[in-house]
Amino acid sequence: MNANTTARRSPSFTQSVALVAEREITTRLRSKSFLITTGILLLLVLGGVIAGGIMSKNVSTTPVAVVSSLESELSNIDGLEITIVENRAEAEDLVTAGTVEAAVVPSADGATVPVTVIAESEAPSSLMQGLSVSPELVLLDPSDTSFLLSYLAAFGFGIIFFASGMTFGPMIAQSVVEEKQTRIVEILMSAVPVSALMAGKVIGNSLLAFAQIIAIAVLAIVGLSVTGQAELLTLLGAPLLWFVGFFIIGFILLAALFAAVGAMVSRQEDLGSTMTPVTMLIMLPYFAIIFLHDNPVALAIMSYVPFSAPVGMPMRLFLGTAAWWEPLISLVLLLITAGLAVLLGARIYNNSLLKVGSRVSWSQALKG
Amino acid sequence: MLQLDNITKSFGARPALNRVTFAVRDGRMTGFVGGNGAGKTTAMRILLGVLNSDAGEIHLDGKPLGAEQRRRFGYMPEERGLYPKMKVREQLVYLARLHGFTSAAAGRNADSLLEELGLGERRDSTLESLSLGNQQRAQIAASLVHDPEVLVLDEPFSGLDPLAVDTVVEALKQRAAAGASVLFSSHQLEIVERLCDDLVIIAEGSIRASGEREALRAQHSAPRYAIECSTDLGWLRAEPDITVVEFDGGHATFDAVEPAAAQRVLRRAVSDGDVTSFAPQRASLAQIFREVI
């Protein structure tokens, strides 16, 4: 027995947490359903990127308006659908109306470059590259990123947060119930502190979720550059980084809540009822972002509410409507809420873990 | 030695344990007997620190029992539980590591334990694919894998076939012989009777009897003897200080007022003919159990 006594050293709290987290991760990585879901999610992202690439290349002709005196400038550029206009005012009207993507007009007197290109928010690259001289560029509405793009970004951030939350959240709750249902929890509780058990679960599953989100981010960035959509990338880059940051803290917030509601029931069948409120905390921001992404006030509010901030704030950064300090404040708010959720979750977890039978009521779970 | 003193616990208004006091001695098997709802599981959970007691103290070797010492406890809860979809050996290694073993030491322990319990061939099967009996063995293995110094087993034999009972009994006896304190509860009084050195009987949350098995049996036995011999024992009825309980030719059961009276009966029987058996009749555990609760 002596040999074994030397092999045994009481594990520290962190070691216990690491062991629990390690088991969570290896178990998930072996689960076929988890691997398949992750695969599908990555394929969806890849598909989206590729579809975007194909769409951006397939636009065969770019409608362009040109003042008649400059028509010859465009004669040797391919892929333009040319509308001839009388003057600059008429050209601007067409651009504003969206009939054409850009207009080529003579520069005002005294300008260094004789040709000016007018566009709504960005100039078509085929036109800019085709002109023999580098023209002066006038953007009528520089801040307005196109509606479709913002919709896609909103949808993208929303669906990633939604998918991760809905995949990993219930997974954490189920793994808590499994331990309760199979009663191994009693053995675990006799070996490690309950707080280490919960922390291990939250951290293990969160790490997996982060790995998944980072894989998605990398795939999106690489995909966008490979398919020649680098402009979108520069637009998305910073919000994407913020999104990852918000996601990590937002996810821990959700994970703690899911662990807590999982501990409240003794059977997988009963999980639905306690999980609903937390599921709503994922669903509502998702739908809110999709439906209200073009409402600045709603979006501003959502970018501060901790449950929708992981989607709302990156969205505003993407639209360029948030000042530099806004994400920081929102992040701090989220951090505080996450801290509170972890404390609350640990309390519920602690109070509910050994209560077997019917579902533990909220008051019991909170008071103990 | 593990000593519980005045452990009291109630769930809301319902009292579960009332000043429970008993000891689990080193190197001995202590049977913990009581009806359903008597408080066995609650007492064991409190021992393991899974539940907190309302009042009372627990000492291990004279020191207050803390989380650190409980790491060296082995526990088998009444309701079995391991991960259904995890391989047997993996679970054992995981549990040993949670108790502070290195991976390598945990692996060695798991392997030798699986061999010992006859699960060697199933080490890489998931728990749910094992027969119920083998799941029980795996459960026992889970409580032994970290070489615990104190074993607390709630109904370790329920659901085991007789062969598995023997394997498990052997494993437990070996741990006790090596110095571990073993506390186990069981409904199967015969097994407890066969296995335990000490006995604790609980009913309605109170300890009704505790101590060495033989002392308890002696204490709860009437001064009763059984004798069997080749000649008729009819004369017994006329003996002074003797009450015949049962009589059938050459076989009789009687109560003696004092041991000397019984010895007198034996001497006479030997002088009359051949005595094939003469023995004091000790109360069985079942009798003691019925008497104290």
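This report describes a predicted model, moving from chain A and its strands to the contact between the chains and then to the helices and strands of chain B.

**Chain A**

In chain A, the secondary structure comes to 14 helices and 5 strands, and of the 368 residues in this chain, 40% are buried. When contacts in chain A are counted between residues at least 6 apart in sequence, 66% of them join residues at least 24 apart.

Strand 1 of chain A, which covers residues 62-67, pairs with strand 2 of chain A, residues 80-85, in the parallel sense over 6 bridges. Strand 1 of chain A also runs parallel to strand 3 of chain A, residues 102-106, to which 3 bridges join it. Ala65(A) appears in both pairings: Ala65(A) stands opposite Thr83(A) in strand 2 of chain A, and Ala65(A) stands opposite Ala103(A) in strand 3 of chain A.

**The contact between chain A and chain B**

Chain A gives 21 residues to the contact, while chain B gives 29 residues. On the side of chain A that touches chain B, the elements that give two or more residues are helix 1 (2-7), helix 2 (13-30) and helix 7 (184-191) of chain A. Helix 7 of chain A provides the largest share of that side, with 7 residues. Sorted by class, the side of chain A that touches chain B holds 11 nonpolar, 5 polar and 5 charged residues.

**Helix packing in chain B**

Helix 3 of chain B (residues 88-98) packs against helix 5 (residues 132-144) and against helix 4 (residues 103-116) of chain B, and the table sets out the two packings.

| Helix pair (chain B) | Angle | Axis separation |
|---|---|---|
| Helix 3 and helix 5 | about 20 degrees | 9 Å |
| Helix 3 and helix 4 | about 130 degrees | 8 Å |

Because angles under 35 degrees count as roughly parallel, helix 3 of chain B and helix 5 of chain B are roughly parallel to each other, and helix 3 of chain B passes helix 5 of chain B in a right-handed crossing. On helix 3 of chain B, this contact is made by Val88(B), Gln91(B), Leu92(B) and Leu95(B), and on helix 5 of chain B by Ala138(B), Ala141(B) and Ala142(B). The residues of the contact of helix 3 with helix 5 of chain B comprise 6 nonpolar, 1 polar and no charged.

The angle of about 130 degrees makes helix 3 of chain B oblique to helix 4 of chain B, and the crossing of helix 3 and helix 4 of chain B is right-handed. From helix 3 of chain B, the contributors to this contact are Val88(B), Arg89(B), Leu92(B), Val93(B), Ala96(B) and Arg97(B), while helix 4 of chain B contributes residues including Ser103(B), Ala106(B), Gly107(B) and Leu114(B). By class, the contact of helix 3 with helix 4 of chain B has 8 nonpolar, 3 polar and 2 charged residues.

**A sheet in chain B**

Chain B holds an open sheet of 4 strands in the order 12-13-11-14, with antiparallel pairing. Strand 12 (242-248) and strand 14 (275-281) of chain B are the edge strands, each pairing on one side only, and neighbouring strands of this sheet are turned against each other by 15 degrees on average, direction ignored. Strand 11 of chain B (residues 224-229) and strand 13 of chain B (residues 251-256) run antiparallel and are joined by 5 bridges. The bridge partner of Ile227(B) in strand 13 of chain B is Ala252(B).

Technical notes:
Residues are numbered from 1 along each chain as its sequence is written. Chains are lettered from A and ligands numbered from 1 in the order in which they are written. This is a predicted model: local features need pLDDT of at least 70, side-chain atom pairs count only at pLDDT 80 or more; totals for chains, interfaces and linings use all residues. A residue is buried if 20 or more other C-beta atoms lie within 10 Å of its own, exposed if 12 or fewer, and partly exposed in between; C-beta atoms are placed from the backbone. Two residues are in contact if their C-beta atoms, placed from the backbone, lie within 7 Å. Axes are lines fitted to C-alpha atoms, for helices over the stretch in contact, and angles run from 0 to 180 degrees between N-to-C directions. Angles under 35 degrees count as roughly parallel, over 145 as roughly antiparallel, 65 to 115 as roughly perpendicular and the rest as oblique. A crossing is left-handed if the near helix is turned anticlockwise from the far one by less than a right angle, and right-handed if clockwise. Ala, Val, Leu, Ile, Met, Phe, Trp, Tyr, Cys and Pro count as nonpolar, Asp, Glu, Lys and Arg as charged, and the others, Gly among them, as polar. Two strands pair if DSSP finds at least two bridges between them.
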